[in-house]
Amino acid sequence: MKITYDREACQGHNRCYMLAPELFDTDDEGYAILLVDGEIPDELEEKARLAADNCPEFAIEIVEE
Amino acid sequence: MPDVPRPPVEDWATDFDHTHPDYAANAPEIWDDLRHRCPVAHTERFGGAWLPTKHEDVARIAKDTDNFTSQGVIVTDWRPDIPRPMGYAPPITSDPPFHAVARKFLLEFFSPKAIDGWETTARETCRELIAEIKASGVDEIDAATEYAQHIPVRVIADMLGLPREDGDKFRVWIHRILEEPGQNSIISEEDTLDYYLNAKVKERRENLGDDLISYLCQADIDGMALLDDHVRGTIGLLIIAGIDTTWSGIGSSIWHMAQHPDDRKRWVDDPDVRPFAIEEFLRFYAPVTMARLVAEDVEVGGCPMKTDDWTLLSFPAANRDPEAFEQADEFIIDRQRNRHSAFGLGIHRCVGSNLARMEMAVALEEWMDAFPDFELADPAAVTWSTGQVRGPRSMPIRVQVPATAISGTAVE
């Protein structure tokens, strides 16, 4: 599983950072920073799905392979 | 109270009035009815206004800054006569590209990490209020006016470096602006938010501190200090938008918990459910409806919106749209998939969302720790605000429920 994050769509709701701090940080202005590049570790797959499914701006997508 | 009672509404699809007491009491039922038969309602009141109730339509308007302007965000009988792009309360009343410039001054103060630094202030405030309630020895209190109301007032006053005692004045001004827009009798100039802010900005420019007002007084755009109108408008915005909204969110959450012993038990027993519960409170009881003015004629949901019409951005209605949420009309305390738009959508996402969320979580934690069991003392006595911010304004709660009456007291 991979995850993509669209900085242009992000409006800083911070839902991903709260639900999956292992995968997302926030910058000084509160916009998300995706911390992982490539494959999501198995134990974080559910958190990745939560982050994607709770983003009000649809800025996060899960890519299943 | 308004000087003139609002005329009764004939049909919510063609004559809606969100400032009418009937709307305050029954908004969720009205949205459900409208979504079913006429997803975008209209009224000739306020000089012409629209009320979309589907998530799709609300999101489309929120993200369309070409056809809709934020120059007016509170629906009134008149149209704001302020030149674009700043508006009277930047950045909420600003359009692109100025909006991003005005918003940038605030973002770092309201990021999640910056807001973590205010949690202690919020928690101490809640504990002081609860200690006062307990010390009073009474078992019936108004949780809206004796608890929820004070929490955001005190925190925002500290952030702005303003005396907490001024909170009572804030509430009077906010009430006039949000609940009775354009419906007030003549008031003296000294008794206005503008006059107060003018004096405070002047004071701060002469004697800088480390608060947010002082920061804005020292900020610049391309080397030019911010205009007094800009600083005053932004501080006014933080006061107006930061108080009634969070007061409503805390109050609605307590109102819900008072009637749902199972949800109270779940909150107490399972701390992991709490972050999900807060988001579900935000979805189900979203306090804020924003507004836009139509900048260019446009069609939404088959309705012809004309330049200078108002349209409400009813995020609370969008949050209950069954096309956007499974079991949309049910409060599910551990809802896992919850893309709610309580804080808006698009570039105007509530800048204070992290503060509001933190205050709600802390207020609920402290309340539930102090009063794990409580109930509405008189369900019929609960009153709800009118206008674009929705929450309980009077809510008698019995905080010491006799042990024999705890179970089976749910009231729908």
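Five strands of chain B form an open sheet in the order 1-2-10-7-3, and the pairing is mixed. Two strands pair if DSSP finds at least two bridges between them; strands (E, at least two residues) and helices (H or I, at least four residues) are DSSP runs, numbered from the N terminus. Strand 1 (40-43) and strand 3 (68-69) of chain B stand at the edges of this sheet, each with a single partner strand, so one side of each has no neighbour in the sheet.

This is a predicted model, in which local features need pLDDT of at least 70 and side-chain atom pairs count only at pLDDT 80 or more, while totals for chains, interfaces and linings use all residues. Residues are numbered from 1 along each chain as its sequence is written, chains are lettered from A and ligands numbered from 1 in the order in which they are written, and side-chain values use heavy atoms, with hydrogens and water left out.

At one edge, strand 3 of chain B runs antiparallel to strand 7 (residues 290-294) of chain B, and 2 bridges join them. Phe68(B) stands opposite Val294(B) in strand 7 of chain B. At the other edge, strand 1 of chain B contains His42(B). With a relative accessibility of 19%, His42(B) counts as buried; buried means under 20% relative accessible area, exposed over 50%, and partly exposed in between (1.4 Å probe, protein chains only). Apart from neighbours within four places in sequence, His42(B) is in contact (heavy atoms within 4.5 Å) with residues including Asp15(B), Phe16(B) and Trp50(B).

Chain B also has an open sheet of 3 strands in the order 4-14-11, with antiparallel pairing. Its edge strands are strand 4 (140-142) and strand 11 (375-376) of chain B, and each pairs on one side only. Strand 11 is joined to strand 14 (residues 396-398) of chain B by 2 bridges, and Leu376(B) has Ile397(B) in strand 14 as its bridge partner.

In chain A, strand 1 (residues 2-5) and strand 4 (residues 60-63) pair in the antiparallel sense over 4 bridges. Thr4(A) stands opposite Glu61(A) in strand 4 of chain A. The side chains along strand 1 of chain A alternate: Ile3(A) and Tyr5(A) are buried and point to one face, while Lys2(A) and Thr4(A) point to the other and are not buried.

A disulfide is a covalent bond between the sulfur atoms of two cysteines. Here it is taken as a pair of cysteine sulfur atoms within 2.5 Å, and the count over all chains is 0 disulfides. Two cysteines are set out below.

| Cysteine | Closest cysteine sulfur | Distance | Relative accessible area |
|---|---|---|---|
| Cys16(A) | Cys10(A) | 6.3 Å | 9%, buried |
| Cys350(B) | Cys10(A) | 15 Å | 28%, partly exposed |

The model has 3 cavities of 30 Å³ or more. On a 1 Å grid over the protein atoms alone, a cavity is a set of points where a 1.4 Å probe fits but cannot get out, and lining residues have an atom within 4 Å of a point. Grid points are joined across faces, edges and corners, and a volume is the space filled by probe spheres set on the points. The largest cavity has a volume of about 120 Å³. Of the 19 residues that line the largest cavity, the closest to its centre are Cys10(A), His13(A), Asn14(A), Cys16(A) and Cys55(A). Helix 1 (residues 15-19) of chain A gives the largest share of this lining, 3 residues.

How values were computed
1 Å grid on protein atoms, 1.4 Å probe; cavity = no way out; pocket = protein on both sides within 12 Å on 5 of 7 lines; lining within 4 Å.
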